[in-house]
Amino acid sequence: MDHLRPLPSEGPEPGSSGGSASPDVAALLRASAQGDQQAFAQFYDATCAQAYGLAVRVLRNPSHAQEVTQEAYLLVWRQSARFDPTRGSALAWLMTIVHRAAVDRVRASESAVRREQVWEQVARPLDHDQTAEAAQAALEGHRVRRAVAELTPAQRQAVELAYFGGYTHTEVASMLEVPLGTAKTRIRDGLIRLRDALGVAR
């Protein structure tokens, strides 16, 4: 499967059914793992608005978000057999893949900008203060990514959706298919672990 239908410009709010019964996306994903392209097309139709919405929130660029979302779905098609329902919902698994793809695109863009800046500044005198600040910023970014990676899968999904994806607690609960209180607990516990790992005072 090399091509997918165009993404909708607007989609339903997370968890909405549009007046009809919501499809069993986990069952569709399992069927996709067996090579069922029709099931994958239904999975795509049922989830693409939310996936695209997350990509837009991360990238702030509709065109780039469309590209990343399409790339993420192609990856989901190839790796659908890896979905493990014991570790979270099918939608949460998809959103994690979309978020990572979007973050990778942001990092790639930032790297390209940094390379251009380096070439522009290569002939300038070295500013030790600016160099130290840049090094510290890079170190902090690495520490945050490492701390997020050390969260439990449930906490990481919730924190990524809420604070990197910009979704409300209610939307996170809907995407993860858990009660609102459970989603809030995962987010709170994840943030506590992040603060402890980063040495931030509460």
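Does arginine 105 count as buried or exposed, and at what relative accessibility? In this predicted model, arginine 105 counts as buried, at 19% relative accessibility, a value that falls under the 20% limit for that class. The residue is a useful place to enter the structure, and the account below returns to it after a view of the whole chain.

The chain contains eight helices and zero strands, so that its pattern, read along the sequence, is α-α-α-α-α-α-α-α. Of its 202 residues, 34% are buried, and the surface that the chain exposes comes to about 12,100 Å², of which carbon and sulfur atoms supply 52%. When contacts between residues at least 6 apart in sequence are considered, 69% of them join residues at least 24 apart.

The salt bridges give one view of how separate parts of the sequence are linked. The structure holds four of them, and one is formed by the side chains of glutamate 67 and arginine 105, with an N to O distance of 3.1 Å. Because glutamate 67 lies in helix H3, which spans residues 62–79, and arginine 105 lies in helix H4, which spans residues 90–121, this pair ties together parts that are 38 residues apart in sequence. Whereas arginine 105 is buried, glutamate 67 counts as partly exposed, at 38% relative accessibility.

The side chain of arginine 105 also meets that of glutamate 71 in a salt bridge, here with an N to O distance of 3.2 Å. Glutamate 71 lies in helix H3 and arginine 105 in helix H4, so the pair ties together parts that are 34 residues apart in sequence. Glutamate 71 counts as partly exposed, with a relative accessibility of 45%.

Another salt bridge stays within helix H4: the side chains of aspartate 104 and arginine 107 meet at 3.9 Å, N to O. These two residues are three apart in helix H4, and the separation therefore corresponds to about one helical turn. Both partners are partly exposed, aspartate 104 with a relative accessible area of 44% and arginine 107 with one of 35%. Taken by shared partners, the salt bridges join Glu67, Glu71 and Arg105 into one network.

The helices towards the other end of the numbering can be followed through their packing. In general, two packed helices are described by the angle between their axes and by the distance between the axes. Helix H7, residues 169–176, packs with helix H8, residues 180–198, at an angle of about 105 degrees, and their axes are 8 Å apart. H7 is therefore roughly perpendicular to H8. On the H7 side the contact is made by His169, Thr170, Val172, Ala173 and Leu176, and on the H8 side by Leu180, Ala183, Lys184, Arg186 and Ile187. By class, the residues of this contact of H7 with H8 divide into six nonpolar, two polar and two charged.

Helix H8 also packs with helix H6, residues 153–164, at an angle of about 95 degrees and with the axes 8 Å apart. H6 and H8 are therefore roughly perpendicular to each other. From H6 the contact draws on Ala154, Gln155, Ala158, Val159, Ala162 and Tyr163, while H8 supplies Arg186, Ile187, Asp189, Gly190, Leu191, Arg193 and Leu194. The contact of H6 with H8 has eight nonpolar, two polar and three charged residues.

Glycine 190, which has its place in helix H8, repays a separate look. Glycine 190 is buried, with a relative accessible area of 0%, and, with residues up to four places away in sequence not counted, it touches Leu151, Gln155 and Val159. The C-alpha atoms of glycine 190 and alanine 147 are separated by 9.8 Å, although the two residues are 43 apart along the chain.

Two loop residues complete the picture through their backbone angles. Arginine 60, in the loop between helix H2 (37–59) and H3, has a phi near 60 degrees, a positive value in a residue other than glycine. Arginine 60 counts as exposed, at 69% relative accessibility. Glutamate 177, whose place is in the loop between H7 and H8, has a positive phi of about 60 degrees although it is not a glycine. Glutamate 177 is exposed, with a relative accessible area of 55%.

Technical notes. Residues are numbered from 1 along each chain as its sequence is written. This is a predicted model: local features need pLDDT of at least 70, side-chain atom pairs count only at pLDDT 80 or more; totals for chains, interfaces and linings use all residues. Side-chain values use heavy atoms; hydrogens and water are left out. Helices (H or I, at least four residues) and strands (E, at least two) are DSSP runs, numbered from the N terminus. Buried means under 20% relative accessible area, exposed over 50%, partly exposed in between (1.4 Å probe, protein chains only). Contact means heavy atoms within 4.5 Å. Accessible areas come from the Shrake-Rupley method with a 1.4 Å probe; for residues, only the protein chains shown count as cover. A salt bridge is a side-chain nitrogen of Lys or Arg within 4 Å of a carboxyl oxygen of Asp or Glu. Axes are lines fitted to C-alpha atoms, for helices over the stretch in contact, and angles run from 0 to 180 degrees between N-to-C directions. Angles under 35 degrees count as roughly parallel, over 145 as roughly antiparallel, 65 to 115 as roughly perpendicular and the rest as oblique. Ala, Val, Leu, Ile, Met, Phe, Trp, Tyr, Cys and Pro count as nonpolar, Asp, Glu, Lys and Arg as charged, and the others, Gly among them, as polar.
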